[in-house]
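Here are a few exercises to work through with the model open beside you. Try each task before reading its solution.

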Amino acid sequence: MIHVVKRKEMPLAQSVAIRLGVIGVALVVCGIITAIATGLNPIGVYATMIQGSFGSPRKVWIMLQEVALLLCVSLALTPAFRMKFWNLGGEGQILAGGLASAACMILLGDKVPNAALIAIMFVASVAAGALWAAVPAFFKAKFNTNETLFTLMMNYVATQLVAFYVIVWENPKGSGTIGVINQQSSAGWLPTIAGNKHLLIVLLVALLTVGMYVYLNYSKQGYEISVVGESPSTARYVGIKVSKVIVRTLIISGALCGFAGMLLVGGSAHTLTTSIAAGRGFTAVMVAWLAKFNPLIMIGSSGLIEFMSHGASEIATTYGLNQSFGDILTGIILFFIIGTEFFITYRVVLSHNKGKSVEELG
Amino acid sequence: MQVTKPAVSMHGISKSFGAVQANKNVSLDINRGEVLALLGENGSGKTTLMNMLSGIYYPDSGYIEIDGKRVEIGSPKDAFDYGIGMIHQHFKLVNVFTATENIVLGLKDKGKFDLAAATSKIQQICDTYGFDVDPNQKVYDMSVSQKQTVEIVKVLYRGADLLILDEPTAVLTPQETDKLFAVLRNMRDDGKAIIIITHKLNEVKDISDRVAVLRKGEYVGEMVTSEATTAEMTNMMVGRQVTLNIDRPDPEMKYRMERIRVKNLTVKNREGVTKLDNVSFTAFTGEILGIAGISGSGQKELLEAIAGLQPVESGSIEYNVDDEQVEQLIGMDPLKIADMGVVLSFVPEDRLGMGLVGSMDLTDNMMLRSFRRGTSPLTNRKESRHLAELVVDELEVSTPSISTPVSKLSGGNVQKVLVGREIAAAPTVLLSAYAVRGLDVNSSYLIYDLLNRQKGNGVAVIYVGEDLDVLLELCDRILVLCGGKVSGIVDGRTTTKNEVGLMMTKLGGGDDQ
């Protein structure tokens with residue numbers, strides 16, 4: 001018989017060593033599969049993947065910006081997850097924020113000064129994201145509805161809403177897209193720093209990471225979130241208002257997703273489409289889980305995911321491989337990483353004892 | 001005295017869980033056409049014993065005979081094959097299924113499944129015994145009593161002729177209890193053997209033919225119900241008084257004042273069952289007021305109502321700040337109570353689920369009560385760390401460090417952490433529920449000592465306990481609850497175990513013969 005037994009706490013150094021070792025094993029397995037499936041030299045393929053993320057300063061900056069955007073969404077989901085509120089509505093909350101930003105840019109672009117416009121965009125997108133998360137939070141707090149389904153459904157509402165406004169604001173008419181907003185005036189575009197258009201996003205998210213780390217681990221509200229997540233009845237026992245904490249935390253979660261929407265529309269894409277969130281609301285779930293909801297470790301997990309995805313498109317173009325091949329490699333590596341967590345927490349014991357007592361007496 | 005050959009005999013059954021001996025050398029006969037009441041206090045091993053009959057546990061030693069033949073019951077399926085069915089306290093039904101679907105769930109009949117035939121068979125069972133259940137009703141539409149009926153029919157449908165009911169009336173209203181008993185009598189008359197686990201004496205008298213008593217895991221004896229008096233049964237259940245030598249200083253009469261006045265308190269639970277019925281009492285400063293009662297007599301609701309955690313139907317709970325100022329605690333939550341300056345400490349029954357956060361370390365658990373202090377949006381762990389160290393030192397908590405999650409500590413140490421934190425707040429009222437449950441002797445005496453020190457400091461201590469010997473030696477006064485009503489308040493120094501035992505099982509106490 002196979003039994004799964006929970007391990008005693010493992011020393012940190014050992015568990016880190018195991019995790020790093022496993023990534024090494026995963027790379028070897030990926031290499032073997034690459035060699036068998038494509039006949040290419042795995043070392044060359046890996047080199048190309050690294051090229052994809054770090055091959056030129058431009059690529060490095062794009063990589064950094066993408067990591068920052070994914071990290072921003074992951075940070076947004078984290079307070080909700082720490083509370084065991086499974087916010088799968090990141091996608092919709094980003095879209096809501098992006099829609100609000102785009103609306104400000106289109107409707108107010110030539111009416112207010114640029115600094116004021118960006119401030120208004122910030123407020124509007126944060127409010128829109130917060131609203132998108134507050135609705136399911138309210139129903140969870142009041143009627144104990146299932147937050148997973150509710151937040152997921154809100155994604156579709158947001159997508160349809162964006163689809164509607166893409167047609168309303170389409171430019172040029174009949175194109176079915178909005179095109180680049182305020183191409184001439186650049187109104188509402190986030191400013192460049194020393195000529196670098198990516199740096200601002202990276203800096204903002206870096207600040208946010210530290211802020212979120214402090215908020216979750218050292219603030220009173222962060223403490224309340226942990227207590228509610230671990231044991232709602234303990235929370236009530238010490239006088240924490242559980243429903244208030246749920247709504248407040250989701251407003252923060254949604255607001256940060258909305259902020260990510262503004263970074264996407266005002267900072268990088270300068271347009272609005274229904275696919276502008278590009279699955280980040282879901283990828284971020286994985287990033288947050290891999291990091292065990294620790295904002296600092298999320299820098300690493302979001303970096304890994306973005307590195308793999310950039311590498312995947314690079315090998316797809318260089319070797320003429322299907323884009324899916326990169327996804328296969330990503331999948332293998334993630335499988336190994338997640339699998340390790342199981343073996344770090346549990347160990348498998350083989351035994352032949354089952355039913356012995358019955359046989360002895362029978 | 002044996003008139004029929006027993007349907008089931010248990011011989012010398014023992015079972016232990018780790019160091020706890022749940023059953024010790026228990027032998028018991030169950031006859032057909034008879035209702036046997038299995039009586040005993042909380043933790044006396046009734047449910048464990050029956051779980052071995054229904055295949056959930058396997059005895060460490062001893063054996064079971066059915067119709068004189070020795071059998072092995074290794075799983076619930078084996079039990080079913082021998083016609084043994086148990087109705088547990090917590091129902092195991094699928095909410096979105098109908099009664100019929102739940103009843104046939106898990107059956108492995110060959111061939112195509114015929115739901116219509118099953119429904120008519122269920123209807124037939126219901127008609128035979130007088131069950132009131134609609135086979136096509138969904139479980140989520142059912143009352144607690146109807147769900148219980150479905151569980152019973154489920155067992156009968158599978159051909160059980162020995163039925164075990166684990167405290168079936170705990171969730172029922174008196175009318176529903178009468179209905180259940182009527183059905184049980186029909187089944188008995190049909191020749192089935194019925195065991196009912198209970199600690200309510202009036203029900204034992206009402207339904208059973210024979211009563212077997214367990215105490216601390218051991219079989220104490222049995223009686224024919226019609227020949228037994230309530231007093232005899234109580235004596236068998238609680239046993240003779242044991243001297244524990246717990247310290248009980250006399251209350252300081254000079255400063256004694258009324259601290260908490262509960263008047264006509266009535267509480268209903270979420271299912272609308274009355275848990276506290278018109279309860280009135282006063283708790284004084286500098287005394288330990290014990291609350292005795294069979295488990296589920298309203299102790300939990302009473303403490304939680306005082307602590308602001310339990311919605312109240314009617315009545316009042318007054319807190320005397322001093323001779324002039326009186327605060328009403330009803331309608332307050334724990335935060336509002338604390339804001340009024342009332343330092344009310346509460347050691348709840350569910351230590352890790354309610355009093356502490358298991359995954360958090362000692363420091364963070366100390367912070368639960370104090371984290372709001374100060375205007376800074378950030379927490380201050382310095383004081384909590386200090387308090388954690390203090391509690392570890394003073395109460396001799398055995399822990400690797402104060403950064404260990406409390407769920408990794410043993411039960412006694414968990415309780416020390418919880419009690420230590422609650423006492424550190426310098427309370428004026430200390431509520432405690434089953435404060436020594438699961439604790440070893442040394443830890444228990446440490447807790448008694450801590451409670452006595454609080455009493456010496458003028459705290460109004462309310463101690464909900466289950467061990468009568470402890471209550472009798474520790475408490476100044478004992479309030480006895482029976483079915484949510486106050487059965488009486490007695491002086492801890494002069495009362496006897498039998499008196500309290502009778503009051504627990506019968507309103508107002510006293511013998512009925």
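**Exercise 1. How many residues of chain A are in contact with chain B, and how much area is buried between the two chains?**

Solution. Keep in mind that this is a predicted model.

Step 1: count the residues on each side. You should get 24 residues of chain A touching 34 residues of chain B.

Step 2: work out the area. About 2300 Å² is buried between chain A and chain B, and carbon and sulfur atoms account for 59% of that.

Step 3: look for the big contributors in chain A. A:Lys220, A:Tyr223 and A:Tyr237 lose the most area to chain B, and together they make up 38% of what the chain A side buries.

**Exercise 2. Find the salt bridge between chain A and chain B, then describe the side of chain A that touches chain B.**

Solution. Step 1: scan for charged pairs across the interface. The rule turns up one salt bridge. Its partners are A:Lys241 and B:Asp333, with 3.5 Å between the closest N and O atoms, which means the pair passes the 4 Å cut-off.

Step 2: widen the search to polar contacts. Between chain A and chain B there are 21 residue pairs of this kind, with both residues at pLDDT 80 or more.

Step 3: ask which helices take part. In chain A, helices H7 (199–218), H8 (220–230), H9 (232–237) and H14 (356–361) each supply at least two residues of the side that touches chain B. H8(A) gives the largest share, six residues.

Step 4: sort that side of chain A by class. You end up with nine nonpolar, nine polar and six charged residues.

**Exercise 3. Split chain B into its domains and describe how domain 1 meets domain 2.**

Solution. Step 1: take the bounds from the domain assignment. Domain 1 covers 8–238, domain 2 is made of 256–343 + 426–513, and domain 3 covers 356–425.

Step 2: place domains 1 and 2 of chain B. Their centres, taken over C-alpha atoms, are 33 Å apart.

Step 3: look at the contact. Here 15 residues of domain 1 of chain B touch 16 residues of domain 2 of chain B. These two domains bury about 1300 Å² between them, 54% of it on carbon and sulfur atoms.

Step 4: check the polar side of things. The rule finds zero salt bridges between domains 1 and 2 of chain B, and two residue pairs in polar contact, both residues at pLDDT 80 or more.

Step 5: find the helices on the domain 1 side. Helix H7 (201–207) and helix H8 (230–238) of chain B each supply at least two residues there, with H8(B) giving the largest share, six residues.

Step 6: sort the domain 1 side by class. It has seven nonpolar, six polar and two charged residues.

**Exercise 4. Is B:Lys497 buried or exposed, and what surrounds it?**

Solution. Step 1: locate B:Lys497. It lies in helix H17 (residues 497–505) of chain B.

Step 2: apply the cut-off. B:Lys497 is at 5% relative accessibility, so it counts as buried.

Step 3: list its contacts. Beyond its neighbours within four places in sequence, B:Lys497 touches B:Val238, B:Gly239, B:Arg240, B:Gln241, B:Leu468, B:Asp469 and B:Leu472.

Step 4: look at the side chain. One of its polar atoms lies 2.9 Å from the backbone oxygen of B:Val238.

Key. Residues are numbered from 1 along each chain as its sequence is written. Chains are lettered from A and ligands numbered from 1 in the order in which they are written. This is a predicted model: local features need pLDDT of at least 70, side-chain atom pairs count only at pLDDT 80 or more; totals for chains, interfaces and linings use all residues. Side-chain values use heavy atoms; hydrogens and water are left out. Contact means heavy atoms within 4.5 Å. Buried area is the accessible area (1.4 Å probe) that two parts lose on being put together, summed over both. A salt bridge is a side-chain nitrogen of Lys or Arg within 4 Å of a carboxyl oxygen of Asp or Glu. A polar contact is a pair of N or O atoms within 3.5 Å; within protein, one must be able to donate a hydrogen and the other to accept it, and residues adjacent in sequence count only if both atoms are side-chain atoms. Helices (H or I, at least four residues) and strands (E, at least two) are DSSP runs, numbered from the N terminus. Ala, Val, Leu, Ile, Met, Phe, Trp, Tyr, Cys and Pro count as nonpolar, Asp, Glu, Lys and Arg as charged, and the others, Gly among them, as polar. Domain bounds come from an automatic or database domain assignment. Buried means under 20% relative accessible area, exposed over 50%, partly exposed in between (1.4 Å probe, protein chains only).
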